[in-house]
Amino acid sequence: MIDGYLAENYREEETYVLAAAQAQYKAAVGEATTLAGVATALEQAVATLDAIPTDAQLTLEEAKTAAKDEITRYVSLEDYRDEQMDEVTAIINETKAAIDAATDADGIAAAVATGKAKIDLIKTDAELSAEEALNAAKEAAKAELDAYVNLDDYRDVEKSAIQTVIAEGKAAIDAATDADAIAAIVADTKTRIDCYKTDADHVAEELAAAKTAAKSEIEGYITATDEYDEGGLAEIETIIADTKAAIDAATDKAGVASALADGKAALDGVAKKAKGCGGSLVAGASVVAMVGFLGIAIAAKRKKED
């Protein structure tokens, strides 16, 4: 039975121990005087032989030792903060236990791979510092967007649109992985916000449109210029120029309307040429009669407008 422990399964240094154990067993059997003695000798020989590691056993143990050394040296514990260091240490110890429990090379390799994967999930001090810096940059960028404009300066439609743009910008910032990306997102979001007009912008545009319309209206207010003599036409030209200047100087639409109304009233007061009964111009007509005629006409026109 003990001859079944073949020398070819052992390394050279172990074969000497093997041969000695087998010789010792044979001697013990030769000296035994009873079957019980033979059985005892066999039991002792088997125990001795089983304690001699085979080449395969030694190879597995060496692989385990190398694997445990590998997982120990996989990272430097000094690279971690205290809390993370404790986590890494626990993983290393778990991995070593799994290596010791492995029964073959594949089991050892799997234990090492699992341990490394777990360690890779633990962030070093440098990684945590970078993450903290990135998070701080993100919060600062989001605060910058919040403070970029005063939403009270906008009308409801633009205000709602800008709030959506800011929300989208913040979401993009949260997903950013570096400072350059954050800066680009902030710049792009500001550009989008700049496209929306403030209430003041709208007021300015509306005022400009009102001024353009008012100047066009005063210019076209007098349609029958042949009803006026040269003096009247000159007066009309002056009134229109003065009215346009007043319109340009207006600071709100009420001012524009007031300037336009004043201009129309002034134009209504310009004297027209007097006409005879046959429709021809009457030269040298009484000034009093002309003024009376114009006064009635102006009063009638204003009443109609009112």
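Which residues does Val256 touch, not counting residues up to four places away in sequence? In this predicted model, Val256 touches Leu207, Ala210, Lys211, Ala214, Ile247 and Ala250 when residues up to four places away in sequence are set aside. The chain that holds Val256 has twelve helices and zero strands. Of its 306 residues, 27% are buried. Among contacts in the chain with a separation of 6 or more, 71% are between residues 24 or more positions apart.

**Overall architecture**

- Read from the N terminus, the elements follow the order α-α-α-α-α-α-α-α-α-α-α-α.
- The count of strands in the chain is zero, against twelve helices.

**Nonpolar cores**

- The largest nonpolar core has 17 residues, and within it Ile222, Ile236, Val256 and Leu267 touch the most other members.
- Helices α9 (199-219), α10 (230-249) and α11 (253-268) each contribute at least two residues to this core.
- A second core, separate from that one, consists of 14 residues, including Leu134, Val149, Val165 and Ile166.

**Packing of α10 with α11**

- The axes of α10 and α11 lie 9 Å apart, and the two helices pack at an angle of about 170 degrees.
- Angles over 145 degrees count as roughly antiparallel, so α10 is roughly antiparallel to α11.
- On the α10 side, the contact is made by Ile236, Ile239, Ile240, Thr243, Ala246 and Ile247.
- On the α11 side, the contributing residues are Val256, Ala259, Leu260, Gly263, Ala266 and Leu267.
- By class, the residues of the α10 contact with α11 comprise ten nonpolar, two polar and no charged.
- Ile236, Val256 and Leu267, which take part in this contact, are also among the residues of the largest nonpolar core that touch the most other members.

**Packing of α9 with α10**

- Helices α9 and α10 cross at roughly 170 degrees, and their axes come within 10 Å.
- The two helices are therefore roughly antiparallel to each other.
- Helix α9 makes the contact through Lys211, Ala214, Lys215, Ile218 and Glu219.
- Helix α10 makes the contact through Ile240, Thr243, Lys244, Ile247 and Asp248.
- The residues of the α9 contact with α10 are four nonpolar, one polar and five charged.
- Lys211, Ala214 and Ile247 belong to this contact, and each of these residues also touches Val256.

**Packing of α6 with α7**

- The axes of α6 and helix α7 (residues 156-175) come within 10 Å, with a crossing angle of roughly 170 degrees.
- That angle makes α6 roughly antiparallel to α7.
- Lys138, Ala141, Lys142, Leu145 and Asp146 form the α6 side of the contact.
- Ile166, Gly169, Lys170, Ile173 and Asp174 form the α7 side.
- This contact of α6 with α7 divides into four nonpolar, one polar and five charged residues.
- Ile166, a participant on the α7 side, is also one of the residues of the second core.

**Lys142 and Ala172**

- Lys142 is situated in helix α6 (residues 125-148).
- Buried means under 20% relative accessible area, so Lys142, at 13%, is buried.
- The side chain of Lys142 makes a polar contact with the side chain of Asp174 at 2.8 Å.
- Not counting residues up to four places away in sequence, Lys142 touches Lys170, Ile173 and Asp174.
- Ala172 is located in helix α7 and is partly exposed, with a relative accessible area of 32%.
- The C-alpha atoms of Ala172 and Lys138 are 9.8 Å apart in space, while the two residues are 34 residues apart in sequence.

**Ala102 and Lys26**

- Ala102 occupies the loop between α4 (82-101) and α5 (105-120).
- With 9% relative accessibility, Ala102 counts as buried.
- Setting aside residues up to four places away in sequence, Ala102 touches Leu60, Lys64, Gly107 and Ile108.
- Ala102 and Lys64 are 38 residues apart along the chain, and their C-alpha atoms are separated by 8.3 Å.
- Lys26 lies in helix α1 (residues 12-31) and is exposed, with a relative accessible area of 52%.
- Between Lys26 and Leu42, 16 residues apart along the chain, the C-alpha separation is 8.9 Å.

Note on methods
Residues numbered from 1 in each chain as written. Predicted model: local features only at pLDDT ≥ 70, side-chain atom pairs only at ≥ 80, totals over all residues. Heavy atoms only, no water. Helix = DSSP H or I, 4+ residues; strand = E, 2+ residues; numbered from the N terminus. Buried < 20%, exposed > 50% of the residue type's maximum accessible area, 1.4 Å probe, protein only. Polar contact = N/O pair within 3.5 Å; in protein donor to acceptor, adjacent residues only side chain to side chain. Contact = heavy atoms within 4.5 Å. Core = buried A, V, L, I, M, F, W, Y, C linked by side-chain atoms within 4.5 Å. Axes fitted to C-alpha atoms, helices over the stretch in contact; angles between N-to-C directions. Parallel < 35°, antiparallel > 145°, perpendicular 65-115°, else oblique. Nonpolar A, V, L, I, M, F, W, Y, C, P; charged D, E, K, R; others polar.
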